[in-house]
Amino acid sequence: MSGQTIQLIVFIAITALIGLITYIKCAGHKRSTDSNKEYFLANGGLSWIFIAGSITLTNLSTDQLIGMNGNQMAVIVWWELAAVVGLAILAKVFLPVYYKNNCTTTTELLEKRYNDKHIRAVIAGLFLFGNIFIFLPAILYGGSLFMQSMFKLDIPIFPMAVAFALVGSAYAIFGGLRAVAVSDTFSGILLLSMGLLIVYLSAAAIDFDFSAIPPERLTLIGGDDSPVPWHTLLTGMIFIQTFYWSTNQTITQRAMAAPNLKEAQKGVYVAGMIRLLIVPIIVVIPGIVSYQLYGDIGDVAYGRIVGDLLPTWLSGAFAAAIAAAVLTTFNSILNSSAALYVCDIHERYINPKPKVAKLSAIFSFILVAISLSLVPVFAKADSIINLVQELYGLLSMPILSTFIVGLLFRNVDAKAAMIGALAGTLLYAFFVFVWQPLHYIHLMCITLFFCITVAMVINRLVFGNKAELIFSQDKSEPEAAVENS
């Protein structure tokens with residue numbers, strides 16, 4: 001039996017086993033009469049284990065493994081270390097508010113804080129824009145690129161992206177969040193185990209001697225030309241992490257699907273420990289070693305070092321782990337995108353009682369088609385992770401500004417917050433595409449405070465409201481919101 005045949009058999013067997021376990025685990029659960037809660041929040045039935053597993057693997061996909069290792073330097077690990085702070089903010093600050101307000105989507109909180117359904121729909125639209133045009137195509141491209149470089153396949157990237165999209169969408173469409181979270185968890189165990197094995201094999205390939213690697217590749221103090229300059233840790237980094245982990249529907253949806261707040265916080269804390277103790281070495285060590293072995297080869301680094309160092313009989317298992325990472329992240333974003341559209345837009349403006357599963361399936365197929373059409377665009381990027389982070393600044397800080405204003409102040413008109421967010425998007429677009437005086441992480445911080453300032457000024461001068469600071473983070477009584485005019 002040839003090596004490729006063994007790889008294929010192992011790959012199919014493990015992938016099928018994860019699917020079977022997911023089916024068995026989900027089949028015994030009763031369906032709730034509340035379609036939204038069942039389909040998008042697993043009827044509040046996720047234990048801390050599945051919350052931690054789903055949060056971990058939803059974030060840890062090929063754009064992380066390939067993109068971060070593709071930088072081939074240690075300083076990129078700050079994205080993961082800062083994420084621990086972001087998860088702590090989610091657990092202690094945002095989750096109590098989401099649970100008190102019984103939210104299905106993060107944007108539902110905005111409607112309740114501002115007493116305005118339009119801001120909920122607008123911010124949901126911004127989230128959807130980012131998911132469709134940035135995250136989904138980046139994930140499909142990254143997964144296909146890895147398979148191509150690891151197995152040295154003479155197959156174009158696009159057909160592989162199509163295969164990932166079809167299989168990944170099946171989980172999201174037919175199983176809802178419960179199937180997504182369960183498959184995430186079991187796939188995550190496999191991926192983290194294989195990732196740690198690659199770390200060991202990489203270090204062993206250079207006899208655990210990193211002395212030949214240039215110091216600038218090993219330092220955690222990034223210079224001005226670094227992907228993460230040290231001073232950006234003091235400005236925009238914390239706000240990026242707060243946005244991603246605390247307001248991003250794809251992540252927080254898992255934490256909002258627990259039976260109670262305590263169980264949700266437990267899952268988030270465990271995810272934070274995994275992010276602190278395991279993920280950092282997985283996303284930097286193989287890339288650093290690949291620099292010594294192959295030189296500066298960019299995003300193909302991880303696939304090449306895995307293909308060269310992993311024994312043939314294990315390569316099929318690793319391919320299954322990577323495929324699982326792609327599929328679970330892809331289906332997680334699909335499911336959360338469907339939640340945003342169904343709950344925040346369709347039910348609020350078109351039909352208050354749709355057939356949730358059918359509507360979600362139709363919307364998901366549309367998203368799959370659009371994301372596939374954008375895969376060739378991401379193939380032109382020098383660094384997929386840096387491109388994703390930079391582009392998402394168009395949306396992340398404007399969105400975060402609406403949450404900050406809504407949680408910290410009362411008597412702010414929703415239209416003022418939306419104008420502030422739009423102004424911030426235009427400002428950041430100017431920074432990125434016309435004039436970039438500082439590192440984009442600094443510019444994201446500037447954009448955030450610009451959004452907040454514009455919202456407060458417009459609220460006072462145009463709408464005649466005097467904003468009042470709220471000292472209790474979880475205060476959400478109706479009188480704290482602005483009445484619709």
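Here are some short exercises with worked solutions on the predicted model shown above.

**Exercise 1. The overall picture**

Describe the make-up of the chain: its helices and strands, its buried share and its exposed surface.

*Solution.* Begin with secondary structure: there are 20 helices and 2 strands. Next, take burial: of the 485 residues in the chain, 60% are buried. Then turn to the surface, where the chain exposes about 18900 Å² and 67% of that comes from carbon and sulfur atoms. Finally, look at the contacts with a separation of 6 or more: residues 24 or more positions apart account for 84% of them.

**Exercise 2. The largest nonpolar core**

Find which residues in the largest nonpolar core touch the most other members, and which helix gives the most to this core.

*Solution.* The core has 149 residues, and Trp 79 and Phe 318 are the ones that touch the most other members. Helix H15, residues 312–349, gives the most to this core, with 22 residues. As background, nonpolar side chains tend to be buried together in soluble globular proteins.

**Exercise 3. A residue at the start of a helix range**

Work out whether Thr 106 is buried or exposed, and list what it touches beyond four places in sequence.

*Solution.* First, locate the residue: Thr 106 belongs to helix H6, which covers residues 106–114. Its relative accessibility is 0%, so Thr 106 counts as buried, the cut-off being under 20%. Leaving aside residues up to four places away in sequence, Thr 106 touches Tyr 98, Phe 127, Thr 247, Gln 249, Thr 252, Met 256 and Phe 403.

**Exercise 4. Checking the span of H16**

Compare the expected span of helix H16 with the distance between its end C-alpha atoms.

*Solution.* Helix H16 runs over residues 356–373 and has 18 residues. The expected span is 1.5 Å times one less than the number of residues, which for H16 comes to 26 Å. The end C-alpha atoms are 26 Å apart, so the two values agree. Now mark the buried residues of H16: Val 356, Leu 359, Ser 360, Ala 361, Phe 363, Ser 364, Leu 367, Val 368, Ser 371 and Leu 372. For reading that list, recall that residues three or four places apart in an α-helix point the same way, because there are 3.6 residues a turn.

**Exercise 5. Salt bridges, one pair at a time**

For the pairs Lys 112–Glu 108, Asp 344–Arg 120 and Arg 304–Asp 308, give the N to O distance, the placement in sequence and the burial.

*Solution.* The structure holds 10 salt bridges, and these pairs are among them.

1. Lys 112 and Glu 108 meet at 3.4 Å, N to O. Both lie in helix H6, 4 residues apart, about one turn of the helix. Lys 112 is partly exposed at 33% relative accessibility, while Glu 108 is buried at 12%.
2. Asp 344 and Arg 120 have their closest N and O atoms 2.5 Å apart. Asp 344 is in helix H15 and Arg 120 in helix H7 (residues 117–151), so the pair ties together parts 224 residues apart in sequence. Asp 344 is buried at 0%, and Arg 120 is buried at 6%.
3. Arg 304 and Asp 308 have their closest N and O atoms 3.9 Å apart. Both sit in helix H14 (residues 301–309), 4 residues apart, or about one helical turn. Arg 304 is partly exposed at 36%, as is Asp 308 at 39%.

**Exercise 6. Joining the pairs**

Name the residues that are linked with Glu 108 in a network of salt bridges.

*Solution.* Start from the pairs Lys 112–Glu 108 and Asp 344–Arg 120. These residues belong to a network that also includes Glu 111 and Arg 348. So for Glu 108, the linked residues are Glu 111, Lys 112, Arg 120, Asp 344 and Arg 348.

Methods. Residues numbered from 1 in each chain as written. Predicted model: local features only at pLDDT ≥ 70, side-chain atom pairs only at ≥ 80, totals over all residues. Heavy atoms only, no water. Buried < 20%, exposed > 50% of the residue type's maximum accessible area, 1.4 Å probe, protein only. Contact = heavy atoms within 4.5 Å. Areas by Shrake-Rupley, 256 points an atom, 1.4 Å probe, with all protein chains shown as cover. Core = buried A, V, L, I, M, F, W, Y, C linked by side-chain atoms within 4.5 Å. Salt bridge = Lys/Arg side-chain N within 4 Å of Asp/Glu carboxyl O.
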